[in-house]
Amino acid sequence: MHTTLLELEVRNHPGTMSHITGLFARRAFNLEAILCVPLGTGATSRILLLVADEPRLEQVEKQLAKLHDVLSVRQRADLSPDLFRLLDDGWQAGATKPASAATAATAAG
Amino acid sequence: MTINGAQILTTLLERQGIKIVAGLPGGPILPFYDALKSSSIEHVLVRHEQGAGFIAQGMARTTGKAAVCLASSGPGATNLVTAVADAYLDSIPMVAITAQVPQSLIGTDAFQEVDTYGLMIPITKHNFLVRSPAELLEVIPLAFSIAESGRQGPVSVDIPKDVLTGTLELGEWPEPGRPEKAPAIADDQIKELAALITKARHPIIYLGGGVISANASALAHELTRRIQAPIVSTLMALGAIPPDEPLYMGMLGMHGSKATNFLLEETDLLIAIGARFDDRATGKAAEFCPTATIVHIDIDRAEIGKIKQPFLSLHGDANEILGKLLATLPAQQRPDWVRRTLELKAAHDLRMPSAAEDPLHPLGFCRTLASLIPSDSIVTTDVGQHQMWIAQAYPVRHPRGLLTAGGLGSMGFGLPAAIGASLAAPGKRVVCITGDGSIMMNIQELATLAELDLPVAIIIMNNAHLGLVRQQQELFYGQRYHACKFASKPDFAAIARGFGIRGVRIDPNDDPLAQIQRELARPGPVLIDMPIVEGAKVLPMVPPGAANRVMICEPEKAECSC
Ligand SMILES: Cc1ncc(C[n+]2csc(CCOP(=O)(O)OP(=O)(O)O)c2C)c(N)n1
């Protein structure tokens with residue numbers, strides 16, 4: 001499956017993640033991976049979503065943009081979906097290689 | 001001034017202009033009821049929270065403004081869910097306020113704790129769990145603003161009991177929530193639309209419920225006349241165009257008229273306004289309007305391209321867009337297209353016996369009903385055959401003149417929605433057309449109606465069946481009828497009287513229309529149990545999933561297509 005990355009900026013509060021993941025479930029959109037990093041003071045977060053690159057992607061973006069707590073949505077075709085694999089590599093390596101997870105998170109943020 | 005959360009909530013609702021709320025209390029919401037008691041807001045006590053949700057919907061559908069329903073935590077909140085989901089699918093502005101167990105108990109499976117926040121996520125425009133009295137000052141105005149902005153819809157606000165009892169040193173009140181301004185439309189888009197229309201030989205205007213919410217009905221009618229294009233309507237847009245407009249083709253789709261569905265096959269320009277290409281309207285979407293260029297006007301950007309990719313889309317307020325368009329668009333003549341439209345319309349007019357021949361013929365009765373009630377009456381329906389017969393034959397004479405559960409199709413909508421409509425439009429005759437199946441789903445609200453003594457008439461088109469289920473089993477399941485016939489026949493008139501409402505059963509052999517007229521002429525609420533023939537069908541019918549040109553027509557002719 002071809003994948004691509006969507007970058008969201010969201011209001012940071014307890015329900016935001018449920019709204020986003022709920023939308024994917026309800027509309028039967030594919031969501032492969034998710035990364036969320038608080039920004040600045042923590043009032044907002046940046047979320048990176050790994051999604052299927054399918055014709056419905058535009059509809060996914062429009063539906064995400066409608067969520068009240070989603071402040072912006074854009075495609076990040078410039079970022080490689082490998083980001084998540086790198087993150088996972090770091091994770092698998094555990095305490096011995098925490099640096100690679102941190103790098104991936106910074107790349108997203 | 002020190003003030004508690006419940007008082008804050010009450011004052012914010014008053015400042016928002018809320019005059020009536022419908023609900024039913026329970027433990028966690030009691031602090032709010034305590035504050036409501038000394039408020040100017042009238043509380044309508046329902047008998048089931050779903051009734052409160054649909055009463056709020058009846059008010060909102062009548063006024064276009066967000067209305068409020070209340071429920072306590074747990075089962076109170078879950079009982080509201082159907083009415084909230086229904087509001088979501090029909091884009092009805094509503095604020096559903098529920099109480100929650102105190103925050104210290106959230107997450108402990110406390111008595112009557114349910115994850116209302118989680119339940120409401122997929123069925124609201126937005127939802128809140130309020131965490132402090134101070135947050136109410138932000139959340140309540142915002143809830144109304146979201147419910148009424150853009151494409152309207154329900155908002156849920158869940159408030160833990162300790163937020164209602166917690167206090168706050170109050171500074172200034174926030175401004176009431178107001179709808180946001182719609183996005184502006186570029187002039188060159190209007191020009192492009194005008195050019196497409198001018199070039200089109202066979203344009204059709206396709207109206208959805210958005211045209212009613214945008215108060216754009218009058219301009220849509222003007223557009224039809226200006227460009228001499230036939231105009232079709234979804235269930236949700238019935239009432240936008242006066243039924244005597246010659247170019248008005250009524251409802252399209254599954255139970256639309258043959259003429260309308262056939263005409264749509266011939267259009268070269270489909271102008272969709274506030275419509276969402278719902279499957280009941282389009283039939284098999286890939287074969288809908290096969291030869292047409294599509295223009296889509298909608299306030300919800302996500303609707304554009306969701307089902308059909310338009311050639312041109314205009315994202316904004318329909319009233320504003322049509323106003324700008326009409327300001328530049330000269331009158332146009334399309335004599336051949338008008339002739340073709342009128343010819344199809346005449347060839348496939350709805351057929352029904354006259355009132356003299358068969359006064360209680362289902363379709364015929366729905367047509368006759370208009371002559372029995374004032375023209376500014378509001379009709380609500382439940383869900384089933386009676387709803388479709390009303391949609392096909394009752395001439396809805398003004399926008400918001402027909403309130404019906406379109407998207408979710410919730411049986412049980414009709415009676416409480418009629419109560420809400422009557423509360424919002426005092427003095428108007430409100431008629432709920434229902435079935436002997438649907439009425440049972442919120443029949444307890446007869447008690448609420450009796451107390452309010454509103455001019456609501458309930459007419460049960462009684463076929464002793466879940467008629468629409470029977471019809472599907474007849475057509476698509478080889479007449480293997482199962483679970484569609486009621487073994488017992490309750491005496492609905494006696495039930496109504498038991499609730500303190502006039503109740504009559506119509507004798508079909510003794511000038512039934514005169515009996516009904518007599519009952520409708522008397523003031524106050526009434527329930528009229530009207531027998532209709534068992535086994536009648538709603539026709540034409542496009543089988544689910546088929547293209548609209550495939551319509552099941554009269555039984556002896558089986559399928560007809562062109
Ligand atoms: C709450 C709910 N349950 C089930 C259905 C499915 N359903 C659609 S129409 C219908 C039959 C309705 O019967 P009745 O109200 O008597 O109307 P009729 O079709 O006979 O006019 C049913 C069960 C529904 N729409 N809503």
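This is a guided tour of a predicted model with two protein chains, A and B.

**Stop 1: chain B as a whole**

Start by selecting chain B and colouring it by secondary structure. You will find 21 helices and 22 strands there. Turn the chain around and compare its extents: along the principal axes, its C-alpha atoms fill a box of roughly 75 × 65 × 40 Å.

How does the radius of gyration of chain B agree with that of a compact globule? For 562 residues, such a globule would come near 24 Å, and chain B has 24 Å, so the two agree.

Now colour chain B by burial. Of its 562 residues, 60% count as buried. Switch on a surface and you are looking at about 21,100 Å² of accessible area, 53% of which belongs to carbon and sulfur atoms.

If your viewer can draw contacts, try that next. Among the contacts in chain B with a separation of 6 or more, 74% join residues 24 or more positions apart. Charges make another good colouring: chain B has 47 positive and 57 negative ones, and their mean positions are 5 Å apart.

**Stop 2: chain A**

Hide chain B for a moment and select chain A. Here there are 4 helices and 4 strands. Follow the chain along its sequence and you will pass through the pattern β-α-β-β-α-β-α-α.

Chain A has 109 residues, and buried ones make up 39% of them. The chain exposes about 5,700 Å², with carbon and sulfur atoms supplying 56%. In the contacts of chain A with a separation of 6 or more, residues 24 or more positions apart account for 71%.

**Stop 3: where the chains meet**

Bring chain B back and look at the contact between the two chains. Chain B puts in 15 residues and chain A puts in 14. About 1,200 Å² is buried between them, and carbon and sulfur atoms give 53% of that area. Which residues of chain B lose the most area to chain A? Select B:Ile121, B:His126 and B:Ala302: together they account for 34% of what the chain B side buries.

**Stop 4: helix H4 and the loop after it**

Select residues 75-89 of chain B to show helix H4, then pick out B:Thr82, which lies in this helix. Is B:Thr82 buried, partly exposed or exposed? Its relative accessible area is 31%, so B:Thr82 is partly exposed. Leaving out residues up to four places away in sequence, B:Thr82 touches B:Gln50, B:Phe54, B:Leu408 and B:Ser410. For a sense of scale, draw a distance from B:Thr82 to B:His465: these residues are 383 apart along the chain, and their C-alpha atoms are separated by 23 Å.

Move on to the loop between helix H4 and strand S5 (94-100), where B:Asp90 is found. B:Asp90 is buried, because its relative accessible area is 7% and the cut-off for buried is under 20%. Show its surroundings, apart from neighbours within four places in sequence, and you will see contacts with B:Arg61, B:Met236, B:Thr404, B:Ala405, B:Gly406 and B:Gly407.

Stay in this loop between H4 and S5 for B:Ser91. B:Ser91 is buried too, with a relative accessible area of 12%. Check its backbone: phi is near 55°, a positive value in a residue other than glycine.

**Stop 5: strand S2**

Select residues 20-24 of chain B, which form strand S2, and highlight B:Ile20. At 15% relative accessibility, B:Ile20 counts as buried. Beyond its neighbours within four places in sequence, B:Ile20 is in contact with B:Ile41, B:Glu42, B:Val44, B:Met59 and B:Leu423. Then draw a distance to B:Leu372, which is 352 residues away in sequence: the C-alpha atoms are 30 Å apart.

**Stop 6: two backbone details**

Go to B:Ala483, in the loop between helix H19 (467-476) and helix H20 (492-499). B:Ala483 has a positive phi of about 60° although it is not a glycine. B:Ala483 is exposed, with a relative accessible area of 59%.

Finish at B:Pro540, in the loop between strand S20 (526-531) and strand S21 (551-552). Which form does the peptide bond from B:Leu539 to B:Pro540 take? Zoom in on the backbone and you will find that this bond is cis, with omega near -5°.

Note on methods. Residues numbered from 1 in each chain as written. Chains lettered and ligands numbered in written order. Predicted model: local features only at pLDDT ≥ 70, side-chain atom pairs only at ≥ 80, totals over all residues. Heavy atoms only, no water. Rg over C-alpha atoms; globule rule 2.2 N^0.38 Å. Buried < 20%, exposed > 50% of the residue type's maximum accessible area, 1.4 Å probe, protein only. Contact = heavy atoms within 4.5 Å. Areas by Shrake-Rupley, 256 points an atom, 1.4 Å probe, with all protein chains shown as cover. Lys, Arg positive; Asp, Glu negative; His and termini not counted. Charge placed at Lys NZ, Arg CZ, Asp CG, Glu CD. Buried area = accessible area lost by both parts, 1.4 Å probe.
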